[in-house]
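Student: Please take a close look with me at one part of this model: any enclosed space inside it, and the elements around that space. I would like one connected walk through it, including the salt bridges made by those elements.

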Amino acid sequence: MTMNTSTTEAHLATVAGIYEAFGRGDVAAILDRLAEDVSWDADWADNFAQRTVVGHVIPRRGRAGVGEFFALLGGYTVHEFAVLDLLASADRVAAVVVIDAAMPGGGRYRDEEVHMWTFDADGKVSALRHHIDTAKHLAAAQGEDTRPARVP
C-alpha cells in the first residue's frame with residue numbers, strides 16, 4: 001500500500017483540529033470537517049452496543065445526526081478529555097483518547113477509547129466508529145459511577 005505523506009499529515013491535522021474544536025465546544029468547526037453523508041457509528045454490522053439505551057452510541061448519519069450527538073454530549077460534564085495518540089494510514093486515523101465524563105442521570109465513566117476516523121477522496125471525514133468499553137457506558141447510563149475506587 002502506498003501512502004501519500006501529505007494526505008496522511010492532512011488527515012492527522014483534521015482529526016487534531018476536530019479534538020481542539022471539541023475542547024472549545026465549537027461544534028460548527030467539527031461539522032465543517034465532515035462529509036454531508038457522514039456515518040457516525042452507523043456502518044457497523046451487529047454492533048451490540050447499539051442495542052442499548054446509551055444515547056451516545058446510537059448510530060447516526062449526516063451532519064444533522066452528528067449535531068444531535070454533540071447536543072446530547074452538551075448535557076454531560078467532561079472532567080477529562082485527552083488525546084493519547086494519533087495513528088494514520090492512507091485513508092484512516094485512529095485516535096486513542098481518555099475521557100472521564102458524568103452523565104445527566106448521575107452516572108460517570110472513565111474510559112480509554114479508540115476512535116477510528118475514515119476519510120473520503122475530498123479529505124472530509126466520511127465515517128467515525130467509537131471503540132469503547134460498552135459495559136462501562138451502559139452502567140453509567142443507568143446511574144452507576146464506573147470509575148475504579150481510589151486507594152487512600
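Tutor: Happy to. To sort the residues, count Ala, Val, Leu, Ile, Met, Phe, Trp, Tyr, Cys and Pro as nonpolar, Asp, Glu, Lys and Arg as charged, and the others, Gly among them, as polar. Please keep in mind that this is a predicted model. By that sorting, the lining of the largest cavity has 14 nonpolar residues, four polar ones and two charged ones. A search for cavities of 30 Å³ or more finds one in the structure, and the volume of the largest cavity is about 260 Å³. Its lining is made of 20 residues, and those closest to the centre are Phe 69, Leu 73, Phe 81, His 115 and His 130.

Now for the elements around the space. Two or more lining residues come from each of α1 (5-24), α3 (62-73), β5 (108-119) and β6 (125-131). Strand β5 gives the largest share, with four residues.

Next, the salt bridges. The whole structure has five of them, and here are three that bring in α3 or β5. From helix α3, Arg 63 pairs with Glu 36, with 2.8 Å between the closest N and O atoms. Because Glu 36 sits in strand β1 (residues 34-40) and Arg 63 in α3, this bridge ties together parts 27 residues apart in sequence. Arg 63 has a relative accessible area of 23%, so it is partly exposed. Glu 36 reaches 58%, and since the cut-off for exposed is over 50%, Glu 36 is exposed.

In strand β5, Arg 110 makes a salt bridge with Glu 80, at 3.2 Å from N to O. Glu 80 belongs to strand β3 (residues 77-88), so the pair joins parts of the chain that are 30 residues apart in sequence. Here Arg 110 is partly exposed at 34% relative accessibility, and Glu 80 is partly exposed too, with a relative accessible area of 30%.

Arg 108 lies within the range of β5 (108-119). Its salt bridge is with Asp 100, and the closest N and O atoms are 2.7 Å apart. Both Arg 108 and Asp 100 are buried, and the cut-off for that label is under 20% relative accessible area.

To put the picture together, β5 provides the largest share of the cavity lining, and Arg 110 in that strand is tied to Glu 80 in β3. Helix α3 also gives two or more residues to the lining, while its Arg 63 is tied to Glu 36 in β1.

Conventions: Residues numbered from 1 in each chain as written. Predicted model: local features only at pLDDT ≥ 70, side-chain atom pairs only at ≥ 80, totals over all residues. Heavy atoms only, no water. 1 Å grid on protein atoms, 1.4 Å probe; cavity = no way out; pocket = protein on both sides within 12 Å on 5 of 7 lines; lining within 4 Å. Points joined across faces, edges and corners; volume = space filled by probe spheres on them. Salt bridge = Lys/Arg side-chain N within 4 Å of Asp/Glu carboxyl O. Buried < 20%, exposed > 50% of the residue type's maximum accessible area, 1.4 Å probe, protein only.
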